[in-house]
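Here is a chain to look at for the first time. The questions below go through its fold, one pair of helices and the surroundings of its ligand.

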Amino acid sequence: MRIEFTEDVLDLLRMNVASAAITTSLRQGLFWDLVDNEWDTSDVAKAYSIPVERSRAYLMLLLEMGLLEEDGGVFKPSQRAATCILNAYGRDSWGVLAVEAEKYYPTMTDLNSRISQRVSVLNAQPGIKGYVEELQDSKEYAKKFTIMLAEMHAPMARELGHHLKLDGVQTILDVGGGSGIMSWGIIEQHSQVTSTVIDLPNVCEVGREYATSMGWTSIAYHPLDIFNDDLPREQDLILMSDIGGFSRDLFAKFRDSLKEGGRIVHCSNFDGFGYWLSHGAERPGLLRRMGDLIFAMMDLDHETPSVDDVVTALEQAALAPVVSTVLPSGLVVIEAFKQAG
Ligand SMILES: C[S@@+](CC[C@H](N)C(=O)[O-])C[C@H]1O[C@@H](n2cnc3c(N)ncnc32)[C@H](O)[C@@H]1O
């Protein structure tokens, strides 16, 4: 989304409205309901208890955004909505993504005055819970969140499986592994491998159920806190995919759990930055920049890690050589080895 005209700037001044409309439509499941039903403005109003006078303005905004088409008063998802939304992830997953996005709206409330105050916006908005806290508190949330990530990560998992050269690797410890989707991507290409996911108790329960439903028999799930608990030793490979926190000390702890000659595989798209890197761009993109501002409003000390930060922390933990590769999807894969001897 780049500005070309003054009208684009004027549009942007109201873009919170477009954001609220699309998150609402995703939470309602509007696009899926419009596939199944021949609904006009008043049917939509009735289905979601919207005053009919408001329903048309709501639908026309989504139409203007290219997400809906109208034919004889009946609304249907556009081809673009089919490609970018319906065929990308499921209804529940989009619902979770919308709720997650909405959660951070209050961090931008009254930004004009709060941006200069050296306090966290959480002082005024204490209700905002991070996703890890929510995963700990609610199995229902853990289920929706974990399955959403499994859907999102499936193409990257396959890509990772094709990319890694795993001669001699038998065991993986998938730290914060969630559904186990990234392990699955590896095991599909390297059938000699078995994996153990370690994660929060709710997530392990959900992951186990998910693995059973998918027929994955080579992945086990054990509740452990990667930061505070002792970890199993003698691992061939420790997989760390899309885990926010890392440090020299955490990598040193992982190093102790590796066999000699074993490796850590760190994977992340760095909040969308990897996608732009894989397309030759040097800037990290809007998603990452918006995330940076949200986190800077919540925590003055927050620093969004770069690829170099991860590489440096691995080197400081005496893991070498460190090799990083950007895959076409934007997944940045960083491998770091525990030298024998
Ligand atoms: C963004 S998800 C990534 C899941 C998975 N690795 C993937 O790529 O699909 C981060 C995962 O880390 C887990 N996690 C967060 N803190 C943890 C901790 N202290 N110990 C174990 N797992 C943790 C979360 O429960 C969540 O499943």
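**Fold, helix pair and ligand shell**

Q: What share of the contacts in the chain with a separation of 6 or more comes from residues 24 or more positions apart?
A: The model is a predicted one. Among contacts in the chain with a separation of 6 or more, those between residues 24 or more positions apart account for 62%.

Q: How many helices and strands does the secondary structure of the chain come to, and why is the chain as compact as a globular protein of that length?
A: The radius of gyration is 22 Å, close to the 20 Å that the globule rule gives for 341 residues, so the chain is as compact as a globular protein of that length. Its secondary structure comes to 16 helices and nine strands.

Q: Is α2 roughly parallel or roughly perpendicular to α5?
A: The axes of α2 (residues 15-28) and α5 (residues 52-64) come within 10 Å and cross at roughly 100°. Angles of 65 to 115 degrees count as roughly perpendicular. Therefore α2 and α5 are roughly perpendicular.

Q: Which residues of α5 make the contact with α2?
A: By class, this contact has five nonpolar, one polar and no charged residues. From α2 come Ala18, Ala21 and Ser25, and from α5 come Tyr58, Leu61 and Leu62.

Q: Which residues come nearest to the ligand?
A: The shell around the ligand divides into eleven nonpolar, five polar and three charged residues. α9, α10, α11 and β4 each supply at least two residues of this shell. Of the 19 residues around the ligand, the nearest are Gly176, Gly178, Ile226, Ser241 and Asp242.

Note on methods. Residues numbered from 1 in each chain as written. Predicted model: local features only at pLDDT ≥ 70, side-chain atom pairs only at ≥ 80, totals over all residues. Near = placed C-beta within 6 Å. Helix = DSSP H or I, 4+ residues; strand = E, 2+ residues; numbered from the N terminus. Nonpolar A, V, L, I, M, F, W, Y, C, P; charged D, E, K, R; others polar. Rg over C-alpha atoms; globule rule 2.2 N^0.38 Å. Contact = placed C-beta atoms within 7 Å. Axes fitted to C-alpha atoms, helices over the stretch in contact; angles between N-to-C directions. Parallel < 35°, antiparallel > 145°, perpendicular 65-115°, else oblique.
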